[in-house]
Amino acid sequence: MENLKVGWTSPSNIALVKYWGKIPVQIPANPSVSFTLSKAKTSMTVFASPSNLKAVDVDFYFEGELNEKFKTKIVKFLETEVDRFPWLKEFHLAINSENTFPHSSGIASSASSMSALNLCLLSLDEKITGHRALTEDFFREASDLSRKASGSASRSVYPLLATWGEIDNLPETSNLFATPVKKNEIHEAFKSFCDAILIVDAGEKSVSSRAGHALMDNHPFAIERFKRARYNLNKLLAAMKTGDMNTFIEVVEEEALMLHSLMMTSNPSYILLKPTSLLLIEKIREFRSKTNIPVCFTIDAGPNIHLLYPAEFKTDVHQWLQKDLVDLKVVQNIIYDEVGLGPEQIKD
Ligand code: PMV
């Protein structure tokens, strides 16, 4: 057996209809859909060298330095995949991971890093067993594996727009892996959409997504929420096909605010939004009604605001951000991203 090397870059994604609540193991309580991002991504290389340890054995370097916290998480995940990849007990893995976005920038890194990891695992498997080629199945399995590591990571393996979870009348969708929305089902305006991430607070969030999902188990609004998410998903996909910007804005903002309302009405209740998040929402809505430029916001499980807008309004939006918002001195940093084309293999 020889030493092997593989590498992938994989992007983060931003959900438009949110996955919030799950049933064991990593099955979403409702389907979700996200834009795949372009600039916010993880670049990962894995060196595999034969070992006699007969156990999962990993060194994990994050941005050039050994990182024990991430290593523990990754070893725990890899141990669940030994049946699928028996060679995990025959190789030592040296994993090098870097993000293009600053650490603690408020961008969730689990979607990009867990999808990059699983793409690397499948590429290694290909080299070790000679079994598979880079086909549609490859990405489907990468999505399935990524889902098990971190639900939303399942959507990062596909370009532009991807759904995850069973959707009525779309037999190609599944709870086990994401499905790319076909290009001819996406209006041109959405294929180049922009996402300016307004960093309000880059610190670690006080309640993890894992704990947040669990609080949906006995949530008083759970049944209504899961129903509404299905309704919103169908409405959003239809709007994104025809280019109906008003419906897009209505659904995306409802989803963001509903996610946070669910947190506020959990038991125990918690609030991840900051006063600045609310101020930015007000400013965004004000700018939209004054200019008629179709900007809107979405929010992940944190205080930062993702400002979404069509590429044709880039100049106006950036001018406004620089002039008005930067002056307010409430935004720590702005990361300008846009819809992207999905993972790329790093060639030797
Ligand atoms: O993938 P997780 O378990 O970190 O959950 C992600 C949850 C949200 O980001 C809030 C929504 C989503 O669909 O990405």
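The following exchange concerns a predicted model of a protein chain with a ligand.

Biologist: Which domains does the domain assignment give for the protein chain?

Modeller: The bounds come from an automatic or database assignment. That assignment divides the chain into domain 1 (4–184) and domain 2 (188–338).

Biologist: How far apart do the C-alpha centres of domain 1 and domain 2 lie?

Modeller: The two domains are in contact, with 35 residues taken from domain 1 and 44 residues from domain 2. Their C-alpha centres are separated by 24 Å.

Biologist: What share of the area buried between domain 1 and domain 2 do carbon and sulfur atoms give?

Modeller: The buried area between the two domains amounts to about 3200 Å². Polar contacts are also found there, with a count of 11 residue pairs. Of the buried area, the share given by carbon and sulfur atoms is 66%.

Biologist: Which side chains meet in a salt bridge?

Modeller: A salt bridge requires a side-chain nitrogen of Lys or Arg within 4 Å of a carboxyl oxygen of Asp or Glu. One pair has an N to O distance of 3.9 Å, and so falls within that limit. The count between domain 1 and domain 2 is one salt bridge. The side chains of the 3.9 Å pair belong to Lys18 and Asp300.

Biologist: How many residues of the shell around the ligand are charged?

Modeller: The ligand is surrounded by 13 residues, and Tyr19, Ser152, Arg155, His213 and Asp300 are the closest. Domain 1 and domain 2 each supply at least three residues to this shell. By class, the shell holds five nonpolar and five polar residues, and the charged residues number three.

Biologist: How much of the ligand's accessible area does the protein cover?

Modeller: An oxygen atom of the ligand lies 3.0 Å from a backbone N or O atom of Tyr19, and a side-chain N or O atom of Arg155 is 2.7 Å from a ligand oxygen atom. On its own, the ligand has 380 Å² of accessible area, and the part covered by the protein is 90%.

Definitions and conventions. Residues numbered from 1 in each chain as written. Predicted model: local features only at pLDDT ≥ 70, side-chain atom pairs only at ≥ 80, totals over all residues. Heavy atoms only, no water. Near = heavy atom within 4 Å. Polar contact = N/O pair within 3.5 Å; in protein donor to acceptor, adjacent residues only side chain to side chain. Areas by Shrake-Rupley, 256 points an atom, 1.4 Å probe, with all protein chains shown as cover. Nonpolar A, V, L, I, M, F, W, Y, C, P; charged D, E, K, R; others polar. Contact = heavy atoms within 4.5 Å. Buried area = accessible area lost by both parts, 1.4 Å probe.
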